[in-house]
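Trainee: I would like to go through this structure step by step. Please keep the reasoning plain.

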Amino acid sequence: MSVVLVTGSEGQLGLALQATFKAHPLFAPLFCSKSMLDITNGGQIEACIKAHSVRYIINCAAYTNVQLAEQEATACFKVNSLGAGYLATLAAKYGIVFFHISTDYVFGLTKGCPLSPSDPTDPLNQYGRSKRAGEQMVAARATHFYIIRTAWLYGEKGHNFFTKMVALAQKGDVIQMVDDQIGSPTYVYDLAAAIWEIVEKIAKNNLADYPFGIYHYTNEGVASWYDFAYAIAAALPNRCAVIPRSSAAVRLKRPYYSVLNKSSFREVFQIKIPHWQDSLALCVRKWQNRLGCFWIGFILNLSLYI
Ligand SMILES: NC(=O)c1ccc[n+]([C@@H]2O[C@H](COP(=O)([O-])OP(=O)(O)OC[C@H]3O[C@@H](n4cnc5c(N)ncnc54)[C@H](OP(=O)(O)O)[C@@H]3O)[C@@H](O)[C@H]2O)c1
């Protein structure tokens, strides 16, 4: 069985990879949280690779606090660039296929049409710069690598845009949301399932059919943050008002238009990508089921004490 090391496994994508991994005779997943494996510690990574004869690495470990990165650039670069570099070097040394996750934040003020993997990068903030430096490390050091850029990840669990919106809606707040930043909301479980599908494809087929390099994966379709917030609010039982606003007053610079062109992903991997509205509907259903389970569990627990 081939061992697949997943770093940063307690983060949003790491947890989704855990949830979507289906026992498969080809693979033995090794999910490592930050406390189990620090990607800025080269010795620790090498010991782990040797101890478990790792064949694939999926790097979900990252410094992702975009705001704080402006003050903590060194800490951010250490994880997103140096850490990625260690993994890439060791992946090359041990003949490991390396999956590195990156972001639309590597792009700058763009041309207003979907961005291809080969389009020039020009990050606007420290997080974006650190992720671009990570990509460059991976491309320079790894021999068998896939860099998968994604954007706007969310799901029904953890800290993300969807769960924040749900919390605000439950408080009955009026939500103001920028309508001049455009991208593609991406259900984290769709990305996780796609990554497992790729690992399976390259393990079963001729690796040469799946050229190494940079690929883009987001859900299909395009939205502003306002559109996304409005769609979430509209799907919730306790509806709240969502009103549009401009991003002019927001101090941290982010790309205005970061819709990613996924043609090469579709062509090479032949994986169907759901539309963001369909995935959001699924997310809402799962969130409602979780809520239902919570109340059933609560009532059952209560009945034990009555
Ligand atoms: N979230 C998005 O909207 C989004 C969009 C585009 C791209 N991405 C990319 O997708 C990937 C996964 O993001 P995510 O949303 O799952 O992020 P996340 O929820 O913040 O998870 C990142 C994980 O990495 C861990 N980590 C931090 N430093 C580490 C280190 N030195 N060694 C090992 N683990 C470390 C974190 O642990 P602690 O929490 O304990 O620090 C956390 O568990 C990242 O590469 C990110 O840049 C995310």
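Mentor: Start with a term: two strands pair if DSSP finds at least two bridges between them. Keep in mind that this is a predicted model.

Trainee: Which residue of β5 stands opposite His-100?

Mentor: β4 and β5 run parallel and are joined by 6 bridges, and pairing takes at least two. Within this pair, the residue opposite His-100 is Ile-147.

Trainee: On its other pairing, which residue of β10 stands opposite Ile-147?

Mentor: β5 also pairs with strand β10 (residues 213–216), in the parallel sense, over 4 bridges. The residue of β10 that stands opposite Ile-147 is Ile-214.

Trainee: How many of the residues of β5 are buried?

Mentor: Take the two sides of the strand in turn. Phe-145, Ile-147 and Arg-149 point one way, Tyr-146, Ile-148 and Thr-150 point the other way, and all are buried. For strand β5 (residues 145–150) the count is therefore 6 of 6.

Trainee: Which helix joins β4 and β5 in a β-α-β unit?

Mentor: The unit made by β4, the helix and β5 is right-handed. Its helix spans residues 126–141 and is α4.

Trainee: Which residue of β3 stands opposite Val-6?

Mentor: β1 has two partners to consider. With β2 it runs parallel, joined by 6 bridges, and there Leu-5 stands opposite Leu-30. With β3 it pairs in the parallel sense over 5 bridges, and the residue opposite Val-6 is Ile-58.

Trainee: Is Thr-7 buried or exposed?

Mentor: Thr-7 lies in strand β1, where 5 of the 6 residues are buried, so the strand is largely enclosed by the rest of the structure. Thr-7 itself has a relative accessibility of 1%. Buried means under 20%, so Thr-7 counts as buried.

Trainee: Which backbone nitrogen does the side chain of Thr-7 reach?

Mentor: Among the residues that Thr-7 touches are Cys-32, Ile-58, Asn-59 and Cys-60. At 3.2 Å, the side chain of Thr-7 reaches the backbone nitrogen of Cys-60.

Trainee: Why do the buried residues of α2 line one face of the helix?

Mentor: Those residues are Gly-42, Ile-45, Glu-46, Cys-48 and Ile-49. They line one face because, seen down the helix axis, they fall within an arc of 160°.

Trainee: Which exposed residues does the face of α2 turned away from the buried side carry?

Mentor: On the buried side, α2 packs against β1 (2–7), β2 (27–32), β3 (54–59) and α3 (73–93). The face turned away from that side carries Lys-50 and Ala-51.

Trainee: Which residue caps the N-terminal end of α2?

Mentor: Look for a side-chain oxygen and the backbone nitrogen of Gly-43, lying 3.2 Å apart. The residue that supplies this oxygen, and so caps the helix, is Asn-41.

Trainee: Which helix gives the most to the largest nonpolar core?

Mentor: That core has 60 residues, and Ile-58 and Phe-99 touch the most other members. The helix that gives the most to this core covers residues 188–204 and contributes 10 residues: α6.

Trainee: How many residues does the other core have?

Mentor: Apart from the largest core lies another, with Ala-84, Leu-87, Ala-91 and Phe-98 among its members. Its number of residues is 23.

Definitions and conventions. Residues numbered from 1 in each chain as written. Predicted model: local features only at pLDDT ≥ 70, side-chain atom pairs only at ≥ 80, totals over all residues. Heavy atoms only, no water. Core = buried A, V, L, I, M, F, W, Y, C linked by side-chain atoms within 4.5 Å. Buried < 20%, exposed > 50% of the residue type's maximum accessible area, 1.4 Å probe, protein only. Helix = DSSP H or I, 4+ residues; strand = E, 2+ residues; numbered from the N terminus. Arc of directions from axis to C-beta. Contact = heavy atoms within 4.5 Å. Polar contact = N/O pair within 3.5 Å; in protein donor to acceptor, adjacent residues only side chain to side chain. Right-handed = clockwise from strand over helix to strand, strands pointing away. Lists of a residue's contacts leave out its neighbours within four places in sequence.
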